[in-house]
Amino acid sequence: MDSQFDVFISYNWNDKVAVVQIAEKLRAGGLAVWLDDWEIQPGSDIPKGIDRGINNCRSVAIFVGPDDVGPFQDAEIQAIVMKHVGTDIPTFPVLLPGAGKDAIKKLPLLLQSKRWVDFNGGAGEEEYLYLLQWGITGKRPPRAQPSTEGPRDPEAQRDLSPVRQRDPVEDALKQLAEQLKRQNVTYFLGPGAAVGCQPMPTPGCDIARELLCEVDIIKSDYPRSGLLPHVSVAGMYYSVKSGDRILEEKVMQQPPPLGSTQFPPAHDELARLLSLLPTLPTPRGGSRVPQLIITTNLDLMMERALLRAGLSFTRIVQYRSGEQIDVDVYRHVQLNGDGTVQLPPAAAGGAPRVARVDDVKELDAVIKTRRTEDRELSRRPPDGIPWTEMPEPILYKFLGSQEVPNSCVLSASHHFKFPRRVLQRNSIPTHVNDIITNSTTLFLGPWFTDPDFLLTYYTLLCDSFGLSSDIRYAVQLHPQRFEADIYRRQMDSPVWEEIKENVMMEMKIKTIEADVADFLRRLCGRV
C-alpha cells in the first residue's frame, strides 16, 4: 500500500501539548502528519492503529521531552526500529524544549547515531521547523527571504545543530579499533551482556526471593516490587540453614537455567570479533598479548559462543577454596557443513565430540566432557602450566563455573573468604596478571555496584590497572532498561550518573551507554 502520510509522530503523552503544536505547524506547511489523536478512530484497537500508522508513513519523527521516553512510547520505538532502521525510510529523534542533555542516550543505539533535531539549541523555532521538514521530506524547504535589516551578530549565525557534537559511542569505537591495530584487548564480560536473549538468565532478585522464601524470612506473596537484599546476602542465610553444597545446587537449578536457553547476541558478537583478531597484522616491535576474557558469570554462555564460532580456546575455572584451578583445553574445534561443531575425543580411542551449534543441551554436554590430559594440567601449580602452548582466547572464570562443583562464589561469606584464600595461596596465574597489565580492558555489561564486580576488581584487576594510565571503556545500558531485574532498576537507576562518575574517577572506567551487541557488531565492522 502506498504511504499516505509524510511523517509518523511518536511521543510521550506527557509532551502532548508541545507535540500537537509542532504537528499543527507541519500540517499548515503542507505535510500529511500521522498523530494518534488525529488518526485512530474512537473504539478501535490502539496498538493495531499505531502499527498501521508506522507502516503507512514515509518518515518517522521520535519526540523526546523533559520526561524522556514513556513506557508505551518505548514499545512503539522498538517496533519502529525493527521495521524502519536500516531501510530508506528517514527515522530520527526530535528533542523538545526542556529535554535533558542526556535524553538522546535513552534511545536505542541505532537512533543515537542519527542526526537529530534539538529545539533547545537556541537558533529559534523557525530554524528547527526547517530542519524538521528537511528530515521528513528529504528535500530542503525554501527559506524565508533574508531580512533587509543590518547584519546580524555573527555569533548568532553560527551552526548550532547537534550534528557537530561528539558522539561518545563513535569515540570509543574509534579508539578501540585503533588499539586493536597495535595490541589485543582484554574483555570483561558481565551479566548485562546477556540482554537480547529470551528468556533472560534468572536475575539475582528472583534467586534472592526464592532463597529467602525457603528459609521463611519472607513469604511467597511478598510483593515483586519490594526491595530485597543482594543475592549474596540471601545466599548466606540459605547456606547457614542448608550448607554450601545445597546452596550451590539450589542456585544452579533456577528456572530458566542461569545462562538462559538461548544465545545472547553479545556473546556471539564477541566470539565473532575474537575470530577476526588473529587476521590482523602483528604490531611493530613485538607480538600481541594473548586474547583474554574475564567473567564473573557462573553460566556456560561464553563457552557456547566460542564453540558456535568454531574457535579453539582454553578455560580456567577458579575454585572458591583458592586451592586449585581447573584448566580445560578445547583444541582443534571445527565447524561442519551440517550445522554441527566437532572436537577431538575425550579419551584415546573414543568418538569425536559433536554438537549442533543451535542446541544448548548438546553444546553444554560437550563443554562438560573434559579430556584426560586436561585433568593432568589442572593438577599442576598455576605457574607450572605451559601457557604459551594453550589455544587462545583464554576464558578465565574467576568466580567459578556452573558445572564445576565447589567452585562458585555465591554467598556473602564466600565473598569475604575467597579473596583472602586466593591471594594468600597465590592461585591466580601470573600469566593472567601479565596479560591484564599489558593490555587495555573493555568491560561489556558490568554491574558496577554488584559484589561480584567489586570482588573481581579489587582482587584481580586493581593492581594491574594501577600500572597503566589507559582509559578503559564499559559498554552498559541504563539500569532502567533491565525491566526484569527489580533490584537493578530500583537501586541503581536513581544514582546512575553518580555511579558512572565514581567509576570514572576511581577506576578510570568510562561508561558508554549502548547495547553491547550493537557496539560489538560495529566494532567488528571497524576491524
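Where is lysine 508 found? In this model, which is a predicted one, lysine 508 sits in the loop between helix H20, residues 496–507, and strand S16, residues 509–513. I start there because lysine 508 has a positive phi of about 55° although it is not a glycine, and the residue is partly exposed, with a relative accessible area of 36%.

Asparagine 406 belongs in this part of the talk as well, since this residue, although not a glycine, has a positive phi, of about 65°. Asparagine 406 is found in the loop between strand S13 and helix H16, the helix that covers residues 412–424, and with a relative accessible area of 38% asparagine 406 is partly exposed.

Staying with the backbone, I would like to point out the peptide bond that joins glutamate 392 and proline 393, which is cis, with omega at about 5°. Proline 393 itself lies in the loop between helix H15, residues 372–378, and strand S13, residues 394–397.

Let me turn now to the cavities. How many cavities of 30 Å³ or more does a search of the whole structure find? The search finds four, and in the largest cavity there is about 50 Å³ of space. The residues that line this largest cavity include Pro446, Trp447 and Phe448, then Gln476, Leu477, Pro479 and Phe482, and further along the chain Arg488, Asp492, Trp496 and Ile499. Helix H19, residues 486–492, supplies at least two residues of that lining, and so does H20, the helix that precedes the loop holding lysine 508. By character, the lining of the largest cavity divides into eight nonpolar residues, one polar residue and two charged residues.

Next comes aspartate 452, whose place is in helix H18, residues 451–466. Leaving aside residues up to four places away in sequence, aspartate 452 touches Thr296, Leu399 and His415. Aspartate 452 and histidine 230, for their part, are 222 residues apart in sequence, while their C-alpha atoms are 11 Å apart in space.

Finally, a word on helix H11, which runs over residues 244–252. Which residues of helix H11 are buried? They are Leu247, Glu248, Lys250, Val251 and Met252, and these buried residues pack against two helices, namely H9, residues 204–214, and H10, residues 231–242. When you look at H11 in the structure, please note that Glu248 and Lys250 are among its buried residues.

Note on methods
Residues are numbered from 1 along each chain as its sequence is written. This is a predicted model: local features need pLDDT of at least 70, side-chain atom pairs count only at pLDDT 80 or more; totals for chains, interfaces and linings use all residues. Side-chain values use heavy atoms; hydrogens and water are left out. Helices (H or I, at least four residues) and strands (E, at least two) are DSSP runs, numbered from the N terminus. Buried means under 20% relative accessible area, exposed over 50%, partly exposed in between (1.4 Å probe, protein chains only). Contact means heavy atoms within 4.5 Å. On a 1 Å grid over the protein atoms alone, a cavity is a set of points where a 1.4 Å probe fits but cannot get out, and a pocket is an open set with protein on both sides within 12 Å along at least five of seven lines; lining residues have an atom within 4 Å of a point. Grid points are joined across faces, edges and corners, and a volume is the space filled by probe spheres set on the points. Ala, Val, Leu, Ile, Met, Phe, Trp, Tyr, Cys and Pro count as nonpolar, Asp, Glu, Lys and Arg as charged, and the others, Gly among them, as polar.
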